[in-house]
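Please look at the sequence and the model below before reading on.

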Amino acid sequence: MASDSILFSKATDCTDDYEPNDDFSVAFGPLISGKSYAGKICSPADNDYFQINVVNPGTITLNLHVPPEKDYDLEIYNSSHQPVDFSENLAGESESIEYQALEPGTYYIRAYGYDGEFDETQPYTLTGAWPSALQAFYAFDEGVERLPVIHQKVANMAQFMGLSGQRVKSVAD
Ligand SMILES: [Ca+2]
Ligand SMILES: [Ca+2]
């Protein structure tokens, strides 16, 4: 009976906002590039899956900051659930992955305890960066801000070539 109540309290005390996320089909996400996510490895069997959307070919960087003395590992999988890179450092060391994604699409991240390692109270922190929709939007936004400069250059060039201001405006717009 004592062991039953211990098991029960373990199951309820370990809070992890991203559970259930123990497999590809229930991977939490999509995560936002640049944000940090604090989860917990609650038991030896706990696997934490996350997913990200990579919108262009480019570099995926991931970092897993682990609780003190804990040996957690990190893996990344492609959209077909095939492992493409991993990080398996020693206990207490952060895990990091830098992967060149040639194909855009959904990638999956798995955090887990090496050899059954877990911690019910202290979270890990997962952060990362990858070619994201938000990044693409900012690049577009920068392009829009540069438009007046381009308009001016076109106008100057057209004036030099002897075109009228009205015509230049319609060309630039
Ligand atoms: Ca968990
Ligand atoms: Ca989990």
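The paragraphs below cover confidence, the sheet and the core.

This is a predicted model, in which local features need pLDDT of at least 70, side-chain atom pairs count only at pLDDT 80 or more, and totals for chains, interfaces and linings use all residues. Residues are numbered from 1 along each chain as its sequence is written, and chains are lettered from A and ligands numbered from 1 in the order in which they are written.

The chain has a mean pLDDT (the predictor's confidence in each residue, from 0 to 100) of 85, with 74% of residues at 70 or more. Over residues 165-172 pLDDT stays under 50, and the model has 9 contacts beyond four places in sequence for them. A contact is two residues whose C-beta atoms, placed from the backbone, lie within 7 Å.

Four strands (DSSP E runs of at least two residues, numbered from the N terminus) form an open sheet in the order S2-S7-S4-S5, with antiparallel pairing. Pairing takes at least two DSSP bridges between two strands. S2 and S5 (83-87) are the edge strands, each pairing on one side only. S4 and S5 pair over 4 bridges; in S5, Pro83 is the bridge partner of Tyr77.

The largest nonpolar core (buried Ala, Val, Leu, Ile, Met, Phe, Trp, Tyr and Cys joined through C-beta atoms within 7 Å; buried is 20 or more other C-beta atoms within 10 Å) has 25 residues, of which Leu64, Tyr107, Ile109 and Ala111 touch the most other members. Strands S2 (47-54), S3 (58-65), S4 (72-77), S7 (105-113) and S8 (124-129) each give two or more residues to this core. Beyond four places in sequence, Ile109 touches Phe50, Ile52, Leu62, Leu74 and Ile76.

Notes:
Buried ≥ 20, exposed ≤ 12 C-beta atoms within 10 Å, placed from the backbone.
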